[in-house]
Amino acid sequence: MTAFAPGLNEVRQRTFPFPARHFLSVADLDREQVSGLLDLAEGFVALNRQKAKKLDLLKGRTLVNLFFEASTRTQSSFELAGKRLGADVVNMAPRSSSIVKGETLIDTAVTLNAMQPDILVVRHGASGAASLLSQKVTCSVINAGDGQHEHPSQALLDALALRRAFGRIEGLVVAICGDVLHSRVARSNVGLLTQMGARVIMMLRLQLERMQGALVPSAREYNRLFGLDREKLALAAPHVRVMHPGPMNRGVEIDSDVADDLGVSLIQNQVEMGVAARMAVLAAMAARLDNE
Amino acid sequence: MTAFAPGLNEVRQRTFPFPARHFLSVADLDREQVSGLLDLAEGFVALNRQKAKKLDLLKGRTLVNLFFEASTRTQSSFELAGKRLGADVVNMAPRSSSIVKGETLIDTAVTLNAMQPDILVVRHGASGAASLLSQKVTCSVINAGDGQHEHPSQALLDALALRRAFGRIEGLVVAICGDVLHSRVARSNVGLLTQMGARVIMMLRLQLERMQGALVPSAREYNRLFGLDREKLALAAPHVRVMHPGPMNRGVEIDSDVADDLGVSLIQNQVEMGVAARMAVLAAMAARLDNE
Amino acid sequence: MTAFAPGLNEVRQRTFPFPARHFLSVADLDREQVSGLLDLAEGFVALNRQKAKKLDLLKGRTLVNLFFEASTRTQSSFELAGKRLGADVVNMAPRSSSIVKGETLIDTAVTLNAMQPDILVVRHGASGAASLLSQKVTCSVINAGDGQHEHPSQALLDALALRRAFGRIEGLVVAICGDVLHSRVARSNVGLLTQMGARVIMMLRLQLERMQGALVPSAREYNRLFGLDREKLALAAPHVRVMHPGPMNRGVEIDSDVADDLGVSLIQNQVEMGVAARMAVLAAMAARLDNE
């Protein structure tokens, strides 16, 4: 976990083949593999803070970002990760109505695959879409969010941010608040954090949408009942840290007062860890492809 | 036509200057030049199947994709082709209403040209747009589809797919079905395939749109009358192969049963050949620019 | 100002650290610094006219184009400038409604900054947006247009075009016509050109929008009263040159007759100078970052 001078040789030494052909779920990784990826990511955190942020681990490789759902944050995180590792990166945003049908989703994947990308990063509104695609292509597929199912690279970056903040993940008590029933971020985080030895408290908010006809509270009322403010935060442990996958609805689920307090908030830190964690996944993917 | 290890030296040896400053029409190429480009493309097919898919033939060159009509498939095919050859690639999608007027089309081209791209890949809804642009700029222009006129790189990739499937183009009997009157793909394919010695049967579908007021058949009826299914396919020669430029309307003009039968369908193959054929065109264009 | 063979060594020798961390306004540059940037830009003009247009001055650096307002011309100018200097370039176009609130603008900047770009090029509809962002990030910010405030790289490219056309800027009489009250281009140009010793005549057009209820003249009437045509141009000095930042409304504020006369019009030239001037700014920014 210590920072190291991220020379190419050191990075190569730390890089190991990704354990699976695809990265669809946090269940694809065991505890040791997660630790290895976090260690590798530490090197990329240091690299990204240097002026020369470029390595050639993915030189000659093609990374395609296939985002059926728009996401500036996640897409540019993968785009930067790929480019900094030397890959050719192509963004595709097939959000036209012609994509709606399931058969067309597969046609898109098969078409893309015929262009021989090495790694396909997919976000799609349907749970299971990334897994379905992975069965139809010969390249590696990374799930960048599929419906309410999983968002495994988000869980990896959150684990990295936590490990850097506390020095460990084991034994931490993590509360995940909000609409956790429908959240792929929550699902992936629970899986990965418990595997790493954290205890996780899940807090379901009231299913307000069920009461919509009868009672629609204002954003202000939502904030009063469920929003994280100083008062609610005072109930947590003294060393508590706050995370949010973004984008934030300030004044709704979180107060700016809390979000912007760098002594408490890891939110900016999460974004930085996102690029580094994805570089670790891509480097490991490339190492696996090199061995094939 | 045999595959070769696409080392940089071999590719350089096979590369020859593109015969014209622009690639606007299949009429820009004679039979020998088509064969030369297909031979060159074979090298890129092999290259793209390797893990290191990168050459430097277009290093320092700028390729601009100027797509007035959206096309994920063709645009990313050219983008990948350019990037794998080392070019800097910039995508532009000027689809705003301000582009509608012809004078503005030329202003866009002249503006772009002042940024000194080496190669401008243009798709536009108006027949003749690429030719018009080519007269206003100093860079090379590749027509990636202009209205109902031509789509010459599509014809080249189709010829490549055919030559690989049958070992030759000469003597093949090719039937082009659908709304061939309005199809730039049909127009370019007929020109190039007949030049290479194929015989081509054109099949005009009924001009259903003319009867729109009186009789609008359902997609199902269209499929029954004109859609390619197993039954109709049985009337063709035993070694028949099926091609489609994509995107497919499954269950309308083609049945999934036929489209997905890899013993018969060359459709995925066409996409792969698309990247390789465009790399051949770009490499030849760059060789011509190097000589100027 | 003479052209030089833009070998990497010569370019490195001419490159100097940008005088400020950010480039928000023409007021960030004194007269000598403007001259130095124009001299540097001359080298990039020559480079861009060569077949190999690539240097490594920004290798390993990340440039992010963050355009809240669409602008094909300015965005691709910066994209090309960055790529030709070897940077990794990422385009972001967050134009969704979620960006409207000022606090979200800052969240976007802080998020982006956590991905460690070296240079952030920002266009935004609100005056002062670039300056606000620059206070929230650790990277360098280049203002590519903020509301009615400034567009400093446009002023730099216009100065370059003028200096090349007349051999000097000092003593030139420059008339800026149109809605100069609301124009960031006019504001930046007046600041930079007067600093370089030009005299500038500002011509406010009538505030037609104030009379909208009472009198809405047609585009034709606008053209007759305010449009630049041969007749009005004849009133200027014999060596007069015409500039326009684009995109032009032909037949409204300028006649094609004037715009397309290469003996008079510098309009195409401005676009070419745009890429070169931005390369000069980026190279100087990188030199400053290298020294930090």
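**Exercise 1. A network of salt bridges**

Task: In this predicted model, determine which residues are linked with A:Lys51 in a network of salt bridges.

Solution: The network joins A:Lys51, A:Lys53, C:Arg61, C:Asp118 and C:Asp290. Over all chains, the count comes to 58 salt bridges.

**Exercise 2. A pair within one helix**

Task: Establish where A:Glu79 and A:Lys83 lie, and classify each of them as buried, partly exposed or exposed.

Solution: Begin with the contact: A:Glu79 forms a salt bridge with A:Lys83, and the closest N and O atoms are 2.9 Å apart. Next, place the pair: both belong to helix α3 (residues 72-84) of chain A. Because they are four residues apart in that helix, about one helical turn separates them. Finally, apply the cut-off, by which a residue under 20% relative accessible area is buried. A:Glu79, at 5% relative accessibility, is buried, and A:Lys83, at 12%, is buried as well.

**Exercise 3. Two pairs in chain B**

Task: For the salt bridges B:Glu69 to B:Arg184 and B:Asp260 to B:Arg250, determine which parts of the chain each pair ties together.

Solution: The side chains of B:Glu69 and B:Arg184 meet at 3.2 Å, N to O. B:Glu69 lies in the loop between β1 (62-67) and α3 (72-84) of chain B, whereas B:Arg184 lies in helix α7 (residues 184-195) of chain B, so this salt bridge ties together parts 115 residues apart in sequence. B:Glu69 is partly exposed, with a relative accessible area of 27%, while B:Arg184 is buried at 13%.

For the second pair, the side chains of B:Asp260 and B:Arg250 meet at 2.9 Å, N to O. B:Asp260 is in the loop between α10 (256-259) and α11 (267-291) of chain B, and B:Arg250 is in the loop between α9 (230-233) and α10; the pair therefore ties together parts that are ten residues apart in sequence. B:Asp260 is partly exposed at 45% relative accessibility, and B:Arg250 is buried at 13%.

**Exercise 4. The sheet of chain A**

Task: Give the strand order of the open sheet in chain A and explain why β2 and β4 each have one side without a neighbour.

Solution: The sheet has four strands in the order β2-β1-β3-β4, with parallel pairing. At its edges stand β2 (88-92) and β4 (140-146) of chain A; each has a single partner strand, so one side of each lacks a neighbour in the sheet. Neighbouring strands are turned by 15° against each other on average, direction ignored. Strand β3 (residues 119-124) of chain A is joined to β4(A) by five bridges, and A:Ile119 stands opposite A:Ser140 in β4(A).

Terms used:
Residues numbered from 1 in each chain as written. Chains lettered and ligands numbered in written order. Predicted model: local features only at pLDDT ≥ 70, side-chain atom pairs only at ≥ 80, totals over all residues. Heavy atoms only, no water. Salt bridge = Lys/Arg side-chain N within 4 Å of Asp/Glu carboxyl O. Helix = DSSP H or I, 4+ residues; strand = E, 2+ residues; numbered from the N terminus. Buried < 20%, exposed > 50% of the residue type's maximum accessible area, 1.4 Å probe, protein only. Pairing = 2+ DSSP bridges. Axes fitted to C-alpha atoms, helices over the stretch in contact; angles between N-to-C directions.
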